[in-house]
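These exercises go with the structure shown below. Try each task before reading its solution.

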Amino acid sequence: MSWRAIRSHKLRSTLTTLGVIIGVAAVITFVTLGASLQAGIIGDISPDDRQNVYGWAAPEESSNQGPLAGAQPVFTQPDVDGLSEQPGVRAAYGYTSIPTQSVGFGGERIPRQDAVVATGVDYVDEDEIADGRRFEYGQREAVLNPAMANAFERNVTVGDTITVTIVGGFAVNATVVGITEDSEARSPFEGFGPGPRVYLPLDPYYTQLVAEAQETPRFPAIVVEANSIDDVDRAKESTRSYLETESDAREQAEAANLTYELQTSTELLGQLQAVLDQLQAFVVGIAGLSLLVGSIGIANIMLVSVTERTREIGIMKAVGAQKRDILTLFVTEAVIVGIIGSILGTLLGIVGGWAGAQYIDIPLTYPVEWFGIAIAVGILVGVGAGLYPAWRGARTDPIDALRYE
Amino acid sequence: MNSTGGSAAVSLEAVTKTYMVGEPVHALDGVDLEIPRGSYVAVMGPSGSGKSTLMNVIGCLDTPTEGMVYLDGQEVTAMSDRERTRIRGEEVGFVFQTFNLMPRLTAVENVALPLVFRGISVDERRERAAELLERVGLGDRLDHVPNMLSGGQRQRVAIARALVSDPALILADEPTGNLDTETGENIMTLFEELHAEGNTVVMVTHERPIAEHAERVVHLLDGEIERIEELEAVGTEVES
Ligand SMILES: Nc1ncnc2c1ncn2[C@@H]1O[C@H](COP(=O)(O)OP(=O)(O)O)[C@@H](O)[C@H]1O
Ligand SMILES: [Mg+2]
């Protein structure tokens with residue numbers, strides 16, 4: 001009988017269901033995107049990345065704002081050389097991104113602001129090179145990742161020469177000596193997503209070109225690689241004490257009142273995850289709000305329906321329907337709307353999540369347990385919204401109802 | 001059991017129904033009435049004299065402000081709302097002037113409606129409803145919705161519905177009020193048959209010829225019983 005009532009008010013039922021569909025679809029889409037984003041990021045952190053300590057110096061107020069937030073160029077070559085001698089440390093090197101206008105190859109110029117990174121030899125591991133070798137320090141050499149190498153009409157291969165035009169219009173050449181196996185970010189400094197990259201040695205590209213004006217070139221960031229994952233904490237401690245007591249960076253850091261941010265990739269990931277979680281909570285909150293709006297819609301429409309069917313309620317009561325029967329009838333109606341809305345909403349959400357993941361180019365991960373939650377919530381919303389109108393209907397006095405026109 | 005109820009199908013003791021609309025309106029004012037089992041009673045009176053209120057009180061649709069109502073010796077005025085609803089569904093068959101059918105349900109479904117709330121299976125419901133529609137002459141209209149039926153046919157459906165629970169008491173509030181004379185006559189024949197089969201029938205009407213089908217006529221005026229007219233035993237009119 002509930003089903004018949006729903007069918008006989010097609011437009012009204014459709015609109016009500018739509019409220020639930022949109023709410024559930026929104027929740028599922030955003031949750032899917034959130035889960036995909038997180039899975040993408042966590043998947044990107046390779047095991048040998050976990051034994052690295054990432055460091056920069058920044059004013060206190062920039063702390064906890066993510067990698068390189070507020071970083072000042074304070075570290076010198078002697079600093080990283082000294083750091084690599086510290087206990088538990090396998091290698092240490094500087095890191096900076098080089099602000100560029102474009103990357104050129106074979107007469108083609110691709111505008112890129114954030115693709116060029118200057119760092120140490122060990123930044124790219126030997127086994128991450130698919131073709132060729134790593135660059136040598138002090139040489140005009142470059143390593144490209146596939147996303148960069150394939151960005152040109154004619155793919156860049158080992159032995160080719162590329163041109164990097166830095167901000168200010170100054171162009172430098174580099175011989176490509178290696179191509180990496182994938183285009184994932186190689187450290188949290190690059191961000192967490194894949195993208196086209198050119199890796200250059202700090203010397204000569206940073207020390208002689210960008211930081212030319214400075215007496216001693218200083219890097220805004222350092223990477224300290226521990227001997228093993230177990231040594232990470234020791235390496236972090238010895239790095240801190242070295243920076244605070246012996247380094248060239250100390251003087252500038254103290255003068256500008258900077259604090260050293262030393263973080264492992266696991267810690268950075270945790271921070272990022274916290275931010276993502278907040279974002280996710282916010283978005284899911286908004287989606288939840290649309291579910292709430294949907295539920296108010298159901299309640300409103302159910303109230304109209306109860307009023308409209310007052311006479312029918314009277315008839316049913318006159319022939320022996322108990323309060324409970326009327327309550328069941330209307331709640332069932334609301335539940336059917338909730339179930340249909342949830343199922344369609346879930347399907348729409350699955351498609352939405354897929355489309356979103358395609359659009360921002362991240363691998364798709366479906367948080368299946370959330371689908372269950374969304375469907376349950378959709379049905380609960382149906383019941384919750386249907387309860388008051390149903391109770392109103394059940395309470396109707398049969399005599400009044402039969403008189404009702 | 002109590003002494004008053006005895007064997008009467010319906011027994012009212014000092015039943016009063018008062019509506020407060022600014023000043024109190026006594027729809028029923030101290031009504032005492034006994035309706036023996038198997039009898040056929042007509043209720044007459046001018047508009048507003050309390051006929052419908054009386055029927056609703058007897059049929060457990062309404063509760064009196066004061067006084068007691070017994071159905072088959074059980075005091076329904078002392079029962080819970082739930083109990084009264086059950087009695088209404090199982091022991092009373094109501095026929096209204098305006099038919100009161102569910103517009104979206106077919107004839108069989110309308111007839112079977114009281115059984116839905118008693119948890120009887122679909123097949124059994126349909127079988128019983130079809131049987132009754134057959135009986136009221138609508139065997140070929142089972143799956144018609146009310147607005148595909150004429151007034152007389154609708155009232156037949158309503159009568160079949162009133163009978164579906166095999167009630168002890170059939171109450172009809174102006175069942176022919178919305179029908180033309182000829183159709184009304186047919187419906188009356190149906191009620192007479194029901195009575196002949198041993199059912200207790202109470203019917204409100206304002207048409208004398210219709211009331212004459214009954215054994216007794218209860219005349220109401222301003223919520224009080226003016227007189228009770230015995231039609232079979234000629235000349236035994238009782239002033240109240
Ligand atoms: N819900 C109500 N509120 C106020 N007065 C009512 C209500 N129902 C009935 N009445 C009054 O009670 C009296 C009897 O009504 P009713 O039993 O319907 O009369 P009848 O059926 O004989 O025409 C009338 O005066 C009517 O106005
Ligand atoms: Mg009336």
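**Exercise 1.** Which side chain has an N or O atom 2.5 Å from an oxygen atom of ligand 1?

Solution. The model is a predicted one.
Step 1. Look for pairs of N or O atoms within 3.5 Å, the cut-off for a polar contact.
Step 2. The side chain of T53(B) places an N or O atom 2.5 Å from an oxygen atom of ligand 1.
Step 3. Ask next how much of ligand 1 is covered: taken alone, ligand 1 has 560 Å² of accessible area, and the protein covers 68% of it.
Step 4. Then find the elements that give two or more residues to the shell around ligand 1: they are β1 (10-21), β2 (23-35) and α1 (51-58), and they belong to chain B. The most comes from α1(B), which gives 3 residues.

**Exercise 2.** Find the polar side-chain atoms of R403(A) and S52(B), and state the distance of each from ligand 1.

Solution.
Step 1. For R403(A), the partner is a nitrogen atom of ligand 1, and a polar side-chain atom lies 3.0 Å from it.
Step 2. For S52(B), the partner is an oxygen atom of ligand 1, at 2.8 Å from a polar side-chain atom.

**Exercise 3.** Explain why the site of ligand 1 is shared between chains.

Solution.
Step 1. List the residues that come nearest among the 13 around ligand 1: R403(A), G48(B), K51(B), S52(B) and T53(B).
Step 2. Read off the chain letters. Ligand 1 is surrounded by residues from chains A and B, so the site is shared between chains.
Step 3. Sort the shell by class: 6 residues are polar, 5 are nonpolar and 2 are charged.

**Exercise 4.** Describe how helix α8 of chain A packs against helix α11 of chain A, and how α8(A) crosses α10(A).

Solution.
Step 1. Helix α8 covers residues 265-308 and helix α11 covers residues 368-395, both of chain A; their axes are 8 Å apart at an angle of about 30 degrees.
Step 2. Angles under 35 degrees count as roughly parallel, so α8(A) is roughly parallel to α11(A). The crossing of this pair, α8(A) and α11(A), is right-handed.
Step 3. Helix α10 of chain A spans residues 323-359, and its axis comes within 11 Å of that of α8(A), crossing at roughly 140 degrees.
Step 4. This makes α8(A) oblique to α10(A). The crossing of α8(A) and α10(A) is right-handed.

**Exercise 5.** Repeat the analysis for helices α4 and α5 of chain B.

Solution.
Step 1. In chain B, helix α4 (residues 122-135) and helix α5 (residues 151-163) have axes 9 Å apart and pack at an angle of about 130 degrees.
Step 2. Helices α4(B) and α5(B) are therefore oblique to each other, and their crossing is right-handed.

**Exercise 6.** Which peptide bond is cis, with omega near 15 degrees, and where is C60(B) found?

Solution.
Step 1. Start from the usual case: most peptide bonds are trans, and most residues other than glycine have a negative phi.
Step 2. The bond from D203(A) to P204(A) is cis, with omega near 15 degrees. Helix α5 of chain A, residues 202-210, contains P204(A).
Step 3. C60(B) is not a glycine, yet its phi is positive, at about 65 degrees. In chain B, C60(B) is found in the loop between α1 and β4 (66-71).

Methods
Residues numbered from 1 in each chain as written. Chains lettered and ligands numbered in written order. Predicted model: local features only at pLDDT ≥ 70, side-chain atom pairs only at ≥ 80, totals over all residues. Heavy atoms only, no water. Near = heavy atom within 4 Å. Polar contact = N/O pair within 3.5 Å; in protein donor to acceptor, adjacent residues only side chain to side chain. Areas by Shrake-Rupley, 256 points an atom, 1.4 Å probe, with all protein chains shown as cover. Helix = DSSP H or I, 4+ residues; strand = E, 2+ residues; numbered from the N terminus. Nonpolar A, V, L, I, M, F, W, Y, C, P; charged D, E, K, R; others polar. Axes fitted to C-alpha atoms, helices over the stretch in contact; angles between N-to-C directions. Parallel < 35°, antiparallel > 145°, perpendicular 65-115°, else oblique. Left-handed = near helix turned anticlockwise from the far one by under 90°.
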